[in-house]
There are 2 protein chains.
Amino acid sequence: MSNPVVLQNLKTLFNPHAVAVIGASENPDKLGFHVMKSLTSGRFNGTVVPVNPGAKSVMSLPAFSSMGDFPGEIDLAIVVLPAKQVPGIFQECSRKGVKGIVLISAGFREIDDSQGALLQNTLADLANQAGIPVIGPNTFGMVNRQIDLNASFTPEFSRLPKGGIALVSQSGGISHLMGFMAMRQNAGISKIVGLGNRLNVDFAEMVPYLMGDPDTRVVALYLEGLDEPRRLMEATKQTRFVKPVVAYKTGRSRTGDRASLSHTGSLAGRHEIYAGALKQSGVLYVDSAERLLDAARALALCPLPKGGNVAILSGQAGPAMAASDVCEAEGMEIATFRAATQRVINELLPPLALRTNPVDMGPAWYNASAIEGIIGAVMEDSGVDAILILMMFASANRAAVSGFSELLLKWKQQKPVVACLIAPPGIWDEEVSRLERGDALMNVPTPERAARTLALLWEYENMKRRSVGVLE
Amino acid sequence: MSNPVVLQNLKTLFNPHAVAVIGASENPDKLGFHVMKSLTSGRFNGTVVPVNPGAKSVMSLPAFSSMGDFPGEIDLAIVVLPAKQVPGIFQECSRKGVKGIVLISAGFREIDDSQGALLQNTLADLANQAGIPVIGPNTFGMVNRQIDLNASFTPEFSRLPKGGIALVSQSGGISHLMGFMAMRQNAGISKIVGLGNRLNVDFAEMVPYLMGDPDTRVVALYLEGLDEPRRLMEATKQTRFVKPVVAYKTGRSRTGDRASLSHTGSLAGRHEIYAGALKQSGVLYVDSAERLLDAARALALCPLPKGGNVAILSGQAGPAMAASDVCEAEGMEIATFRAATQRVINELLPPLALRTNPVDMGPAWYNASAIEGIIGAVMEDSGVDAILILMMFASANRAAVSGFSELLLKWKQQKPVVACLIAPPGIWDEEVSRLERGDALMNVPTPERAARTLALLWEYENMKRRSVGVLE
């Protein structure tokens with residue numbers, strides 16, 4: 001059962017005015033150094049309070065021997081001290097009226113020594129009595145991009161693009177993998193939360209909180225193993241389809257299961273049972289970190305397709321064929337255009353190459369308005385539910401891309417558009433980035449991945465429909 | 001049947017001293033402009049001869065009205081003129097003693113009009129009589145990185161990393177997709193060849209040629225449909241396991257098949273038949289452009305695993321679990337370390353987290369020599385056939401990566417090592433690139449992809465073993 005005071009305080013934990021770093025340091029070999037960097041190198045405009053009995057200042061900020069010495073209120077305490085010192089710090093947090101803790105320190109339930117689990121139980125009791133939600137222990141921390149709060153040991157997370165995806169993860173490694181991917185692809189993030197050993201904040205607490213978080217449009221979960229999977233299922237079931245939830249779970253293999261036990265103190269459990277239960281509670285289930293990000297991003301950026309008929313508009317035939325194959329294999333149809341649409345295309349393209357679906361727009365490389373006309377006609381076609389736009393561009397066909405990119409922003413509100421617009425790295429990276437930034441365009445690096453992402457949107461729409469059917 | 005003179009001349013086609021551009025232009029709306037850029041912006045140190053009756057010079061090089069006017073020999077002619085002018089050019093090439101043609105122009109067998117096919121037949125007769133191999137028509141061209149020859153309309157291909165992968169493709173779009181991927185991942189390329197409509201140079205000609213090409217270590221094929229698939233199968237069968245060949249074929253779906261007919265004038269054909277026949281002739285068969293590059297790169301860089309036992313050494317537990325799942329699903333085993341290896345690991349890592357396989361090296365983030373020690377011990381373990389090294393690194397654990405990277409280069413000769421070393425983009429990109437450059441390290445962007453790539457090496461090794469068994 002969730003502690004109601006703990007839940008109430010989650011909002012303050014993620015939106016603090018004053019943040020103390022317990023174990024702040026200027027030694028780059030200490031996590032307290034990196035946490036200070038994270039808090040101070042971004043644009044967070046709350047107060048940062050380094051706490052370290054041995055320092056007068058840390059990174060030019062006045063340091064305090066203890067939180068008690070700081071004259072103002074502390075909303076959030078980030079703790080990086082060795083495990084055995086943490087109970088004392090929790091008592092201090094309670095006295096100070098701290099509303100949330102990010103406990104980065106390791107050495108609790110995840111270690112071989114049973115003392116770790118005992119210590120974690122002690123902390124849980126302390127935190128629950130005080131009504132303090134705790135992210136961790138054994139976590140890299142958390143990030144709330146909306147207020148530029150980087151409460152993690154990774155300063156680079158201050159550069160994450162802002163947007164609607166909240167990632168809640170049982171693994172710091174996967175969080176970093178996905179964070180770096182999001183940076184590379186300009187996928188907008190609202191929050192990244194490393195749950196670690198989940199003292200009193202677990203998926204079952206995070207999902208309802210994020211459903212009410214105005215900055216979050218989609219919730220992405222990375223799971224290994226849970227003590228009480230039922231609590232998560234109930235949480236997702238209660239809020240299902242309020243906002244999309246996507247999940248990726250590892251520990252499918254025997255080895256993974258064993259690793260999960262050591263890593264987070266929980267057995268990964270039978271994979272099929274999790275998958276089935278999650279799907280039943282309205283969660284889109286994926287099988288890799290890359291697809292977790294692709295699915296979350298598409299759900300954040302695109303309307304859902306009203307049917308499975310896809311139009312493939314491509315600057316080259318090969319990528320269109322690759323995408324066709326994936327669409328059909330994943331249960332979507334290659335749409336047949338209405339006569340009026342086909343007429344427009346036939347007028348705009350010479351009688352060379354592909355003019356039916358998929359459309360090879362190659363012959364119109366030097367005619368940006370023809371490309372715009374084709375995309376516009378297909379967007380208006382009532383027989384088309386979703387659109388893939390594929391183009392590998394370089395010097396020779398660069399002009400073809402520049403024309404339609406602005407129009408995509410308008411069109412993409414009507415029907416889902418997933419793009420694979422790719423340019424040589426280091427040359428027109430910036431041009432591709434411009435299309436992606438501010439969550440303007442759902443763009444992925446390969447045609448196959450674009451098709452698979454569209455199929456995930458269609459899968460989610462179908463899950464939603466079936467669920468409505470069941471409920472009626 | 002391949003024309004023997006055509007085959008003999010392929011070597012000169014790819015290694016010309018003097019290259020003429022028929023239709024060279026200074027107008028950026030013309031392909032003749034981009035081809036000139038490609039030839040002159042790289043480091044090609046042969047002679048470039050612009051041919052254009054209306055120009056005295058093109059891009060500061062003296063232009064000629066016809067090839068005949070150029071006083072020296074021409075080895076390679078790149079043709080970008082409209083289709084109907086091409087037969088005359090071919091006759092001129094024959095008179096001039098040209099040894100190879102790259103025919104970029106479109107408007108032949110791929111168009112709706114039957115005149116296109118007739119024209120292509122005329123050209124084939126002319127080329128075969130003259131013994132001139134022709135890349136194309138309807139191609140972006142080709143690139144030979146070894147001599148910095150960029151005979152394509154994509155100047156950016158002059159920046160492709162040099163290495164052992166030859167890509168032969170039926171699609172310009174897929175060639176560009178893979179070329180840009182190779183640039184992004186520092187995957188070394190020997191040649192990229194866009195076959196287009198395959199006048200008289202088809203896969204069956206390219207495979208034997210590349211088997212004898214000293215710069216090529218692995219051949220990657222992208223196929224759509226072939227008129228005479230048997231010719232390719234025979235070519236790959238005759239040279240099987242001389243060098244690895246990997247193939248990706250689209251046109252699995254009905255739509256893809258129809259598209260292939262329009263695009264290249266050939267039916268894609270029954271997918272299963274191709275897959276089966278290719279596998280029987282020793283070709284590793286993959287299902288996406290990304291895997292085509294990953295497989296080719298791994299085969300070019302890594303020794304083959306002698307068994308299916310994988311060690312997973314990771315900086316974080318989550319990515320290790322993700323990789324474990326994929327390894328087991330793809331038929332590899334998570335190795336059990338020998339006692340001596342386990343002892344070394346237990347000495348080097350604290351009794352926290354994962355010390356058996358997979359190994360979570362997280363606790364040794366600040367101890368580069370411990371990480372080196374672990375990797376070294378695992379490399380020497382006779383029960384380990386292949387190694388995955390996974391690390392998401394940023395400020396806090398940057399030191400962990402710097403230590404072992406040099407040593408990887410030594411170790412990777414003994415056993416296949418596939419890495420997923422990932423840093424925040426724009427911050428330590430350069431550090432990751434340094435590890436990848438010069439084909440130093442097989443590095444991919446996700447742990448799942450690393451595991452799948454290793455599984456492809458194991459699949460290839462198994463195919464080889466079965467084949468040897470059959471032959472014995």
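Me: In this predicted model, is Phe241(A) buried or exposed?
Reply: Phe241(A) sits in the loop between helix H7 (229-238) and S13 of chain A, and although this residue is not a glycine, its phi is positive, at about 65°. Its relative accessible area is 18%, and the limit for a buried residue is under 20%. Because 18% falls under that limit, Phe241(A) is to be called buried.

Me: Is Ser60(B), another residue with a positive phi, buried or exposed?
Reply: Ser60(B) belongs to the loop between strand S3 (57-58) and strand S4 (61-62) of chain B, and its phi is near 70°, a positive value in a residue other than glycine. The relative accessibility of Ser60(B) is 72%, and a residue counts as exposed when this value is over 50%. Ser60(B) is therefore exposed.

Me: Which residue does a cis peptide bond join to Gly136(A)?
Reply: The bond in question has an omega of about 5°. The partner of Gly136(A) lies in the loop between strand S7 (134-135) and strand S8 (141-144) of chain A, and that partner is Pro137(A).

Me: What is the omega of the cis peptide bond from Asn357(A) to Pro358(A)?
Reply: Pro358(A) is placed in the loop between helix H12 (339-348) and strand S17 (359-360) of chain A. The bond that leads into Pro358(A) from Asn357(A) is cis, and its omega is near -5°.

Me: How many residues apart are Glu290(A) and Arg449(A), which meet in a salt bridge?
Reply: The side chains of Glu290(A) and Arg449(A) pair with an N to O distance of 3.4 Å, and both residues are buried. Glu290(A) is in helix H10 (residues 289-301) of chain A, whereas Arg449(A) is in helix H16 (residues 447-471) of chain A, so that the pair links distant parts of the chain. Their separation along the chain is 159 residues.

Me: In the salt bridge between Arg231(A) and Glu228(A), which residue counts as buried?
Reply: The closest N and O atoms of this pair are 3.6 Å apart. Glu228(A) has a relative accessible area of 45% and is partly exposed, while the relative accessibility of its partner is 19%. Because buried means under 20%, the residue asked for is Arg231(A).

Me: How far apart are the closest N and O atoms of Arg437(B) and Glu430(B)?
Reply: Arg437(B) is partly exposed, with a relative accessible area of 40%, and Glu430(B), at 48% relative accessibility, also counts as partly exposed. These two residues form a salt bridge, in which the closest N and O atoms lie at a separation of 2.7 Å.

Me: Which residue is linked with Arg145(A) and Asp148(A) in a network of salt bridges?
Reply: Over all chains, the count of salt bridges comes to 30. In the network that holds Arg145(A) and Asp148(A), the remaining member is Lys162(A).

Me: Which element gives the most residues to the side of chain A that touches chain B?
Reply: Across the interface of chain A and chain B there are twelve residue pairs in polar contact. The elements that give two or more residues to the side of chain A that touches chain B include helix H2 (31-41), helix H5 (172-185) and helix H11 (317-329). With nine residues, the one that gives the most is H11(A).

Me: What area is buried between chain A and chain B?
Reply: The contact takes 77 residues from chain A and 77 residues from chain B, and two salt bridges are counted between the chains, including the one in which Arg184(B) meets Asp429(A) at 3.2 Å, N to O. Carbon and sulfur atoms give 63% of the buried area, which is about 5800 Å².

Me: Which residue of chain B does Ser288(A) touch?
Reply: Ser288(A) is in the loop between strand S14 (283-286) and H10 of chain A, and at 7% relative accessibility it counts as buried. Its side chain reaches the backbone nitrogen of Arg291(A) at 3.1 Å. Not counting residues up to four places away in sequence, Ser288(A) touches Tyr248(A) and, from chain B, Glu448(B).

Me: What kind of axis relates the two copies?
Reply: Chain A can be laid on chain B by a turn of 180° and a shift of 0.0 Å along the axis, with an RMSD of 0.0 Å. The copies are thus related as by a two-fold rotation axis.

Methods. Residues are numbered from 1 along each chain as its sequence is written. Chains are lettered from A and ligands numbered from 1 in the order in which they are written. This is a predicted model: local features need pLDDT of at least 70, side-chain atom pairs count only at pLDDT 80 or more; totals for chains, interfaces and linings use all residues. Side-chain values use heavy atoms; hydrogens and water are left out. A salt bridge is a side-chain nitrogen of Lys or Arg within 4 Å of a carboxyl oxygen of Asp or Glu. Buried means under 20% relative accessible area, exposed over 50%, partly exposed in between (1.4 Å probe, protein chains only). Helices (H or I, at least four residues) and strands (E, at least two) are DSSP runs, numbered from the N terminus. Contact means heavy atoms within 4.5 Å. Buried area is the accessible area (1.4 Å probe) that two parts lose on being put together, summed over both. A polar contact is a pair of N or O atoms within 3.5 Å; within protein, one must be able to donate a hydrogen and the other to accept it, and residues adjacent in sequence count only if both atoms are side-chain atoms. Copies are superposed by least squares on the C-alpha atoms of residues with pLDDT of at least 70 in both.
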